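Here's a quick walk through one model, starting with its internal space and moving on to rings, cores and backbone. Keep the viewer open as you read.

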Amino acid sequence: MKAALIVIALAFCLIFLLLPLVNVFAQALAKGGEVYWQALRHPDSWAAIRLTLIVAAISVPLNVLFGLAASWAIAKFEFRGKSLLITLIDLPFSVSPVVAGLMFIMLFGLQGFLGPWLDQYGIKIIFAIPGIVLATIFVTFPFVARELIPVMQATGTEPEQAALTLGANGWQTFWHVTLPSVKWGLIYGIILCNARAMGEFGAVRVVSANIVGHTQTMPLRVESLNDQFQGSAAFAVASLLALLALVTLAVRTVLEWKQTRDFELAQREQVDSRMVDS
């Protein structure tokens, strides 16, 4: 029974995960390295890559700030509306990205609630970079908070209370006590948030209008090239997203290994100190 379950799991991973991933790189390099690099160096592809990096560079730090604030408040304090805040954090997991994009159009579009007022002052959000950033923030903001909340809850409030008793203020307690204790969860959340930000398609597709060279991100560029029957170029851009996924997986594995090692070392130090005391 055990062997059968292992074989089924490995076969599933091979057919549905590994083979498609290998096929992406094989198709991207099918016509040679020169064609591959020409596809990536194309001005429209480069504009899509640059826009994706810009959106990630804006949305990820903002999500980190929100995740730290929300997880710190939820894990360390009791307040009215705590359950509501947790529910709101999980909301993007329940709402389709396409629905989220339509929500922003109804709010900031020309026919939306705030659209006429924004147009009056020349502020353009929908079909522009601000709309892409807002949509990306919406679909990615749970990742950092959801990684930090259980870690902060596990550490408890005793270290912070001890620091405050010794005279540290709130910021000193956060920087020197709270943050070091959750560093692995924070880094892990940042990695997941960045990967999702670069790979988001549905919400960005709705709010961007997919304007080539202006509001087209890497996933949208892949769709556009595929619709134009430029398969090699589409797979070339897709290979960058696949490479990001592999790097994310590798970093995640290393972080989990380091976290496990640090935990085991801490346990050994506790055992050794108890033996010395006894």
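## Inside the cavity

Thr52, Val55, Ala197, Glu200, Val204 and Thr217 line the largest cavity. One thing to keep in mind from here on: this is a predicted model. Sorted by class, that lining comes out as three nonpolar residues, two polar and one charged. The space inside amounts to about 30 Å³, and searching the whole structure turns up one cavity of 30 Å³ or more.

## Rings

Next up, the aromatics. The whole structure holds 11 aromatic pairs. Take Trp72 and Phe174: their ring centres sit 4.7 Å apart with 35 degrees between the planes, and the pair is tilted. This one links distant parts of the chain, with Trp72 in helix H3 (residues 43-76) and Phe174 in helix H10 (residues 170-181), 102 residues apart. Are the two partners buried or exposed? Trp72 has a relative accessible area of 21%, so it counts as partly exposed, whereas Phe174 is buried because its value is 5%; the cut-off for buried is under 20%.

Phe104 and Phe108 make another pair. Their centres are 6.2 Å apart and the planes meet at 15 degrees, which is why the pair counts as stacked. These two belong to helix H5 (residues 97-108) and are four residues apart, so about one helical turn separates them. Both rings belong to buried residues. They're also part of one aromatic cluster, together with Phe66, Phe138 and Phe141.

## Cores

Which residues touch the most other members of the largest nonpolar core? That core has 19 residues, and the answer is Phe104, Phe108, Ile126, Ile132, Phe138 and Val207. At least two core residues come from each of H3, H5, helix H7 (129-140) and helix H12 (202-208). H7 is the top contributor, giving six. Apart from this core there's another, of 17 residues, including Ala75, Phe174, Leu179 and Cys193. So Phe174, the buried partner of the tilted pair, turns up in that second set too. As a general point, nonpolar side chains in soluble globular proteins tend to be buried together.

Back to Phe104 for a moment. Skipping neighbours within four places in sequence, Phe104 is in contact with Gly109, Ile126, Leu134, Ala135, Phe138 and Val207.

For a sense of distance, try Gly231, found in helix H14 (residues 231-277). From Gly231 to Phe138 it's 31 Å, C-alpha to C-alpha, with their positions 93 residues apart in sequence. Gly231 is partly exposed, given its relative accessible area of 31%.

## Backbone oddities

Most residues other than glycine have a negative phi. Here are two that go the other way:

| Residue | Phi | Location | Relative accessibility |
|---|---|---|---|
| Phe127 | about 65 degrees | loop between helix H6 (115-120) and H7 | 37%, partly exposed |
| Ala209 | about 70 degrees | loop between H12 and helix H13 (218-227) | 37%, partly exposed |

Neither Phe127 nor Ala209 is a glycine, yet phi is positive for Phe127 and for Ala209. Phe127 lies in a loop, and Ala209 is in a loop as well.

Methods
Residues are numbered from 1 along each chain as its sequence is written. This is a predicted model: local features need pLDDT of at least 70, side-chain atom pairs count only at pLDDT 80 or more; totals for chains, interfaces and linings use all residues. Side-chain values use heavy atoms; hydrogens and water are left out. Rings of Phe, Tyr and Trp (its six-membered ring) pair if their centres lie within 6.5 Å; planes under 30 degrees apart count as stacked, over 60 as edge-to-face and the rest as tilted. Buried means under 20% relative accessible area, exposed over 50%, partly exposed in between (1.4 Å probe, protein chains only). A nonpolar core is a set of buried Ala, Val, Leu, Ile, Met, Phe, Trp, Tyr and Cys residues joined through side-chain atoms within 4.5 Å. Contact means heavy atoms within 4.5 Å. On a 1 Å grid over the protein atoms alone, a cavity is a set of points where a 1.4 Å probe fits but cannot get out, and a pocket is an open set with protein on both sides within 12 Å along at least five of seven lines; lining residues have an atom within 4 Å of a point. Grid points are joined across faces, edges and corners, and a volume is the space filled by probe spheres set on the points. Ala, Val, Leu, Ile, Met, Phe, Trp, Tyr, Cys and Pro count as nonpolar, Asp, Glu, Lys and Arg as charged, and the others, Gly among them, as polar.
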